Amino acid sequence: MQKYTNFKSLNCIFAYKLRRMEQFLKELPNLAKEKYDESKKYFAKLKKRTPKNLDLVMQDLHDEEFEKTDCLTCGNCCKTTSPIFTEKDIERISKHLKMKVVNFISQYLERDSDDFYVLKTAPCSFLDLKDNTCFIYNVRPKACSEYPHTNRRKFIQITNLTLKNTEICPATYNIVEALKKKLPVK
Ligand code: SF4
Ligand code: SF4
């Protein structure tokens with residue numbers, strides 16, 4: 001019975017987190033838009049005088065954020081954008097799916113304007129929309145495993161991408177807002 005109660009309360013907590021995330025995702029485009037100019041100016045100044053400890057600060061903020069944010073309540077990156085599929089990704093995933101590379105490409109991928117392979121459709125064909133899990137999680141593209149890149153080395157090089165990601169990824173939005181408080185610029 002105790003086990004049942006714990007399981008039930010865990011389900012309630014997850015349902016509560018899910019509802020909160022749904023609400024956040026509805027508000028995110030406007031929130032990101034409101035903060036866009038401020039964040040753009042912030043990153044421009046940060047680029048001129050980049051603190052030596054920026055990557056360490058980002059790593060901490062990233063870890064703190066993902067202790068709170070459960071991607072399984074969200075899945076917005078997988079629903080709205082495509083990762084880049086490298087040759088290695090394509091070979092690994094095709095092998096996992098027991099498909100010929102050529103068939104995998106023709107079924108799932110197309111070239112974007114920069115000639116990278118990306119998904120033909122959104123949401124991603126490998127996303128289970130019932131629970132936001134990934135059917136190919138263990139072999140997923142490197143870009144997926146590294147998304148949203150907020151703990152990347154030399155973070156200062158990807159501030160434009162990060163700014164774009166604040167419109168899609170609630171965790172990125174929170175991390176950028178926390179960064180502005182942690183490392184204010186004049
Ligand atoms: S491959 Fe998996 S992790 Fe990557 S976008 Fe698709 S569902 Fe998401
Ligand atoms: S990485 Fe961001 S957008 Fe993707 S599922 Fe996690 S919180 Fe959502």
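The following is an exchange about a predicted model, its two domains, one helix and two ligand shells.

Modeller: Residues count from 1 along each chain as its sequence is written, and chains are lettered from A and ligands numbered from 1 in the order of writing. The model is predicted, with local features needing pLDDT of at least 70, side-chain atom pairs counting only at pLDDT 80 or more, and totals for chains, interfaces and linings using all residues.

Colleague: What makes up each domain of the chain?

Modeller: Domain 1 is 1-79 + 147-186 and domain 2 is 84-138; such bounds come from an automatic or database domain assignment. Their C-alpha centres lie 25 Å apart.

Colleague: How many residues of domain 1 are in contact with domain 2?

Modeller: Five, against eight residues of domain 2. Contact requires C-beta atoms, placed from the backbone, within 7 Å.

Colleague: Why is Glu64 called partly exposed?

Modeller: Glu64 has 13 other C-beta atoms within 10 Å. With C-beta atoms placed from the backbone, 20 or more within 10 Å makes a residue buried, 12 or fewer exposed, and anything in between partly exposed. The count of 13 falls in between, so Glu64 is partly exposed. Glu64 belongs to helix H2 (residues 54-68); helices (H or I, at least four residues) are DSSP runs, numbered from the N terminus.

Colleague: How do you know that the span of H2 agrees with what is expected?

Modeller: The expected span is 1.5 Å times one less than the number of residues. For the 15 residues of H2 that gives 21 Å, and the end C-alpha atoms are 21 Å apart, so the two agree.

Colleague: Which residues of H2 are buried, and why are they said to line one face?

Modeller: Met58, Leu61 and His62 are buried. Seen down the axis of H2, they fall within an arc of 105 degrees, so they line one face of the helix; the arc is taken over the directions from the helix axis to the C-beta atoms. These buried residues pack against helix H8 (170-182). Leu56, Asp63 and Glu67, on the other side of H2, are exposed.

Colleague: What makes a residue part of the shell around ligand 1?

Modeller: Its C-beta atom, placed from the backbone, must lie within 6 Å of the ligand. Among those around ligand 1 are Cys78, Cys124, Cys134, Arg140 and Cys144.

Colleague: How do the residues around ligand 2 divide by class?

Modeller: Into nine nonpolar, three polar and no charged. Ala, Val, Leu, Ile, Met, Phe, Trp, Tyr, Cys and Pro count as nonpolar, Asp, Glu, Lys and Arg as charged, and the others, Gly among them, as polar. The shell around ligand 1 has nine nonpolar, no polar and one charged.

Technical notes. Contact = placed C-beta atoms within 7 Å. Helix = DSSP H or I, 4+ residues; strand = E, 2+ residues; numbered from the N terminus.
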